[in-house]
Each structure stands twice: as structure tokens, then as C-alpha cells.
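Visitor: I'm new to this one and I like to know the reasons behind the labels. Could you walk me through it?

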Amino acid sequence: MSETAPTKGRVRPIRAFHLLAAEAFQDALRSRLGLAVAGCALLALVFVDRCTSLEGSFVLNGEAVNPAMTLRAIGPILFGWVSLFLLAASGLVASDGLARPVADGSIALWLARPVSRTVYALARLSGTLALAISAGGGALAAAAFLLHARHGFALEPALFAGLVYAASTAIVCALAMALSLYVPRVVTLFAVMLWIQLIVVGNAAHMLGASFGGWFAALERWGPPLGTALFYAMSGWVSLRLDAHEVALVMLRLAGWIGLSAALLVLSVRRLELR
Amino acid sequence: MQTLYARAPMIAFELASVSKLYSGRRALDRVNLAVPIGTAVGLLGPNGAGKTTALRLLLGFVRPSTGGVRVRGLPPSNPRSREGLGYVPERPAFAPRMTIRELLRLHGGLIGLDGDALEHEMQARLVETGLGDRAHERVGGLSKGLLQRVAFAQALLGDPELLLLDEPTSGLDPLGVRDARDWILAARQRGRTLLVSSHVLTEVERTCDHVVILHEGRIVASGPLAEVLLAGESLEDAYVRIVRGGAGASPQSTDVSAPEGAA
């Protein structure tokens, strides 16, 4: 031990946050689930590449159909589906992002430092998000470029859809991480996938004019508008006139859910007892 | 409140009438303890006596069911209570994909070290704990004994004022045990406050000047070693005598060795 103690300064929360978020990102990147998310992004990109590179024509019900024309119609659906697939994949890495350090006990030595649980929770979320958004965002950017280069899709709706994807990923990751503190990781993963599907189906049904009640209606009405926001973001591709007020409300609800889900995560970590 | 010194000027940490229940099971029962700065305390007791729970309360890992906990005068929920605190857990667990150097760099950053001071301190701890040649190895591939050395290296970073050690020699070979003893004694000589939870009574006898004995969640004896031990008695004999005689002791009877006038 050195005779003179090294100079130590008070650790500012922002510095602790940076250090722990970088560690969380590297941890996620090095984990198998991180590789799985990168694999999902690559798979999605290959899928988009195949779908956008159709050539020639085929006959359907006796009529010749040009695949390129068909793709103009299904392009937004393709992009939306890929976004939701990557969103579910982000739930995969998030289900592990906090549950693993808790399960293996490595969280204890971080929290034995002058680090608040709020900072720790937000740093883990940020590190996990950085991986999920960079993998998914990269795949979506490439998909947008393919749609633009091969079929003339405008890039602006893709940019809006990318922002909605990032916001939705923040919500899904925060809720998945909070849930993973209470239930096994595999249950978290399936719950997240089911939840995303329910919300998107509810959103789609609502936009198509279907009416329903009970908890499903409440989930659609008050839950995070993952499907609706994504559809509105891509509306520039389908020349749809939207009510600006309605769009603003949906985007506000999405933003509100980012705050709410992060708050739920922080609350869960603050209440956590490390036995 | 039971203090280990009659007139303690500054308290490093205290448990004030602390009880802790886990799913209805009482792990600690109205424990009162105040440890002055610079004291080396051995925390003894049978399995399930509440030793690890006491450490976890001080670190803020768990909340007391009743009573209050203060570390450096602050509740453990305040991160500043852990400034200048080093902790060696019973079973050290680290992010397995980090190298030892990455781990120490991050821990150093979290206690406010950076730049040359961090590099110097990191290197000093690596050498001190015998990990200098292994700094680039991933933590996940290390043996239990080496993990314990890593745990010491991170705990000793920055020469903390308070060291909480939970079974610090667990998993160490005889050379490692001797090294650990030297690190603990060096910290004690520098005037650091130590709380050493251990089953290895000979190590506690060598490294601590005070003991607290827990049994069934209650303090059944505490005070300077010389006062807890009867004439010619070893710590092991005293431990057996106290624990066997202390079962079911009331909290009021725990002040078996407090010096006259203890606060």
C-alpha cells in the first residue's frame, strides 16, 4: 500500500453514469444475447434485401403482377414489420441486462461504490439501449436505403419511423428490465413479445375502425402506442392525411411512456433487496 | 446504543435498534452497535447469526425492518455514505467478461480516481495482491482464490477509510490467507476502520482488537478482545462459551463486555 493515499475526488453522478453505461454497453455487446440481437438485425436486413430485389413478373388470378409495384404497396408493411421484429429483439437483450448482474451477484460490488441505484438503473438501461438501438437502427437505416435506392421510397418517413423505433425500444427495454427483477428471464422475454403483439394488434384494429372493450381496449387506449406511432411516422409513404392533433397526442403518449417506463425501472431497482 | 469505546469521538458506522426480517424469519433482532473510527472489529457468530445481514444493511443492500443504520453519519440510501468504503464480499462476483485491469479501472473511476493517479493506484494494488502478471485475464476464468485477490484489489483501491470484509480469507490458499492478513493488518496500522465477518477465529484474533458476537440475530457479546476473553482463554473457547450460553439472550443482556460508561 502506498504511503500517501491517492487523490480522490467526489464522484459526480454524471461521471458514474458514463462509466457504468459504458460498462453495460460492453457487457451487452460481449454477451450471447448481444450477439443474438446483432444476428436478428442482420437477418432482418437480409429479409429486406430479398424482398426489395424482386424482379420480373408473376401471374395472380390470371393477371400479370409486377412485384416492384406490389412492393410499393407493401413497403411500409415490410418496414413496420422489421421495426417490430427488432423491437422484440431488443426485449431479448433487455431481459438479461439487469437480471444477470442481479443473479450472478456482480451488482453488489457496483452498488458498494458511491453510486445511487437511480444512476445504476439508468446506466444499465442506457448501455442496453445503446446496443439495441445501434443494431436495430443500423438495420432499419440499411432497409430504408434499400427501399429508397431500389423503389424510390422517400427517406423522411424512414427517419421518423427510426425515431419512433428508438423511443419504442426505450420503453420496451425499461419495462423488460423492470419485469426481469420479478420473474425469470425467459418469462420476461415471452411476456415482452406477447405484450408487443397485443398492443400492435390493438393499435391496428383501432385504426381499422374495430371496436372492443375491457382490458384490451384499455391497453390500446392508454398503453404505449407502439403500432400507431410507427404507422403515423410512415404515413408519408402511403400519402395518408392525418389529423395533426391526433398525431401529436400519440407522440406525446409515446414520450410519456418513456418517462413512465424509466421511472418504473428506477423504482424497481430502488426497492430491490440484495440478499 | 452500545459503543465499543467509552468515549468515542467519531462513529464510523452504527446500527440503532435494528431488526431485519426475511419473509417472517428474524435475521437481526434489535441490534445496537456503534463502531468508532479506527477500530478493527471482528464480527463472529454461527451460520445464520446475522453477520452478513449486518454488512448488507451497512452497504444499503437491504433495508432494516425497524431501527436505523448510519455509515459516516449518513443513511446507507445516500451514496455518499459509501465514499471511502471498501467491500470484500463472501463470494466475490464480477462481470465475467471484464479483464482484471478493466474492472479495477472502473472501480477506481467510481471512487473518483482518474488519469495518472488511477493508473498508479491500479498498478500498486495489482502488485500488492499478486495480480500484476494477470491484469489482462478475464475475471470469468479465474479460480476462487484469485477472485478473492481481485476482490481485495478493488476494495483496497484508494486506501478506503472503512473496510467491510465478509469472510475475507474464504477460498484462499495458506499463502493467500497470510497475504490477506497482511493487507488487513496494514489497513489497521494506517488507522482504517475494519469490520471483519469471519468464522476463522484465529484470523480475527490476529487482525482485530474488538469483537462482536452475534447469535440468533442478537449481540451476545461485544467489546475489546481482552475484555471478552477470560484469563488464559482463547477466542475459540470464549466463542463456544458465549454462543452456547447466549442462546435466547435478551437484547438487554448483550452488553456483556461494554466498558464502564459506554454510551
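Visitor: Which residue is the bridge partner of B:Leu21 in E2(B)?

Guide: That's B:Arg26. Keep in mind as we go that this is a predicted model. The bridge belongs to a wider pairing, where strand E1 (residues 11-22) of chain B runs alongside E2(B) in the antiparallel sense over 8 bridges.

Visitor: How do you know that E1(B) and E2(B) count as paired?

Guide: Pairing takes at least two bridges. E1(B) and E2(B) have 8 bridges, so they count as a pair under that cut-off.

Visitor: And what holds paired strands together in general?

Guide: Strands of a sheet pair through backbone hydrogen bonds, and this can be parallel or antiparallel.

Visitor: What is the order of the strands in this open sheet of chain B?

Guide: The order is E2-E1-E4, 3 strands with antiparallel pairing. The twist from one strand to the next averages 20 degrees.

Visitor: What makes a strand an edge strand here?

Guide: An edge strand pairs on one side only, and that fits strand E2 (25-36) and strand E4 (66-71) of chain B.

Visitor: Which helix lies across E1, E2 and E4 of chain B?

Guide: H1(B) does, running at about 115 degrees to E1(B).

Visitor: Let's move to chain A. How many helices and strands are there in chain A?

Guide: Chain A has 11 helices and 2 strands. From the N terminus you meet two helices, then the two strands, then helices for the rest of the run. The C-alpha trace spans about 85 × 40 × 35 Å along its principal axes.

Visitor: Why is H2(A) called roughly parallel to H6(A)?

Guide: Helix H2 (residues 32-52) and helix H6 (residues 117-151) of chain A have axes that cross at roughly 10 degrees and come within 9 Å. Angles under 35 degrees count as roughly parallel, so H2(A) earns that label with respect to H6(A). Residues making the contact include A:Ala41 and A:Leu45 of H2(A), with A:Ala139 and A:Leu146 among those of H6(A). By class, this contact has 14 nonpolar, 5 polar and 2 charged residues.

Visitor: Why is H1(A) called oblique to H6(A), then?

Guide: The axes of helix H1 (residues 13-30) of chain A and H6(A) cross at roughly 40 degrees, coming within 7 Å. Roughly parallel needs an angle under 35 degrees, and roughly perpendicular starts at 65. The crossing of H1(A) with H6(A) falls outside both ranges, so oblique is the word. The crossing is right-handed. Among the residues that meet are A:Phe17 and A:Leu20 in H1(A), and A:Tyr120 and A:Leu122 in H6(A). The classes here come to 16 nonpolar, 3 polar and 3 charged residues.

Visitor: How many residues of chain B are in contact with chain A?

Guide: 35 residues of chain B are in contact with 28 residues of chain A. The largest share of the chain B side, 5 residues, comes from H3(B). That side has 19 nonpolar, 6 polar and 10 charged residues.

Visitor: What scores does the predictor give the complex?

Guide: An ipTM of 0.88 and a pTM of 0.89. Chain B averages a pLDDT of 89, with 90% of the residues scoring at least 70.

Visitor: Where in chain B is the pLDDT below 50?

Guide: Over residues 247-263. Beyond near neighbours in sequence, that stretch has 31 contacts in the model.

Technical notes:
Residues numbered from 1 in each chain as written. Chains lettered and ligands numbered in written order. Predicted model: local features only at pLDDT ≥ 70, side-chain atom pairs only at ≥ 80, totals over all residues. Contact = placed C-beta atoms within 7 Å. Helix = DSSP H or I, 4+ residues; strand = E, 2+ residues; numbered from the N terminus. Nonpolar A, V, L, I, M, F, W, Y, C, P; charged D, E, K, R; others polar. Axes fitted to C-alpha atoms, helices over the stretch in contact; angles between N-to-C directions. Parallel < 35°, antiparallel > 145°, perpendicular 65-115°, else oblique. pLDDT = per-residue confidence, 0-100. Left-handed = near helix turned anticlockwise from the far one by under 90°.
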